[in-house]
Each structure stands twice: as C-alpha cells, then as structure tokens.
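I opened this model to look up its charged side chains. My notes follow the structure.

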Amino acid sequence: MTGTVAIIGASADRNKFGNMAVRAHVNQGWTVYPINPKGGTIEGLTVYKSLEEVPKKLDRITLYLPPERGIKTLSAVANAKPTEFFVNPGAESRDLDDESIRLGLQPILACSIIDIGESPADL
C-alpha cells in the first residue's frame, strides 16, 4: 500500500527515526507530509507546522514523539481520520494508548518503517 502519510516528529537530523521515516516512505512511493513545529524543509519536502495544515486526506499518520508530547497531538490525529495510525517504538505509553482508543483511534504499536518493507539500518 502507498498513499499519503504524515510523519509527526519528522526531523532534519538524518540519524533520527523521524527523518528515517520520511526517507523510507518516500523510497516506497508515499506522498509524505513531514510535521514539525519548526517548519522549513526536510529531505527537500515542505514541513508543516501542524497536522491541521496538511492539505490532503491522510491514509496514514505515524508518530515519532515522546509519549508526553505525542499525547498532545491525539485530538488532531483523531480529527484527521487516518486509515492507519502508527505509534512507533519509544512513542508509546499506556496513557497515550488509552487516550488514542478513547478518541476512536486504533493505534498500531509497531515501526512504520519496517511495515513498509524498509529497514532503519539501511537508511
């Protein structure tokens, strides 16, 4: 599957998973919307300061933030109504998972990079 994906916690630092996720999804043909409050560009893509700024319907949202920051994004994620919502390793917590479910999301607790057939070690 390919489609549209927002990467919350996208990073310009190529050593961070938030950057690897951008590159992996691009490699696999996804239309990628990096999300970072700093804005700018990441890997040549326009960065959106918030999920609400993304101009397209999202097939997937993938979260690369620490749980205490990620939980603050869940209302926006629920409002975006993605087909898939990935909570990547390091982003999960009991509170985040519970709040996701309360908001009607079905969090997938897995690495979205591996899910699309890429390996962080190769990026």
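**Charged pairs and a patch**

I checked R60 and E84 first in these notes: both are buried (under 20% relative accessible area, 1.4 Å probe, protein chains only; exposed is over 50%, partly exposed in between). The model is predicted, so I note that local features need pLDDT of at least 70, side-chain atom pairs count only at pLDDT 80 or more, and totals for chains, interfaces and linings use all residues. Residues are numbered from 1 along each chain as its sequence is written, and side-chain values use heavy atoms, with hydrogens and water left out.

I looked up the salt bridges (a side-chain nitrogen of Lys or Arg within 4 Å of a carboxyl oxygen of Asp or Glu). The structure has four.

R60 and E84 form one, at 2.8 Å from N to O. R60 sits in strand β5 and E84 in strand β6 (residues 84-87), 24 residues apart; strands are DSSP runs of E, at least two residues, and helices are H or I, at least four.

D115 also bridges R60, at 2.5 Å from N to O. D115 lies in helix α5 (residues 112-115), so this pair ties together parts 55 residues apart in sequence. D115 is partly exposed, at 45% relative accessibility. R60 has 2% and counts as buried. Shared partners join R60, E84 and D115 into one network.

I then turned to R14, which bridges E43 with the closest N and O atoms 2.8 Å apart. Both ends are in loops, R14 between β1 (4-8) and α1 (17-27), E43 between β3 and β4 (45-46). R14 is partly exposed at 44%, and E43 is partly exposed at 37%.
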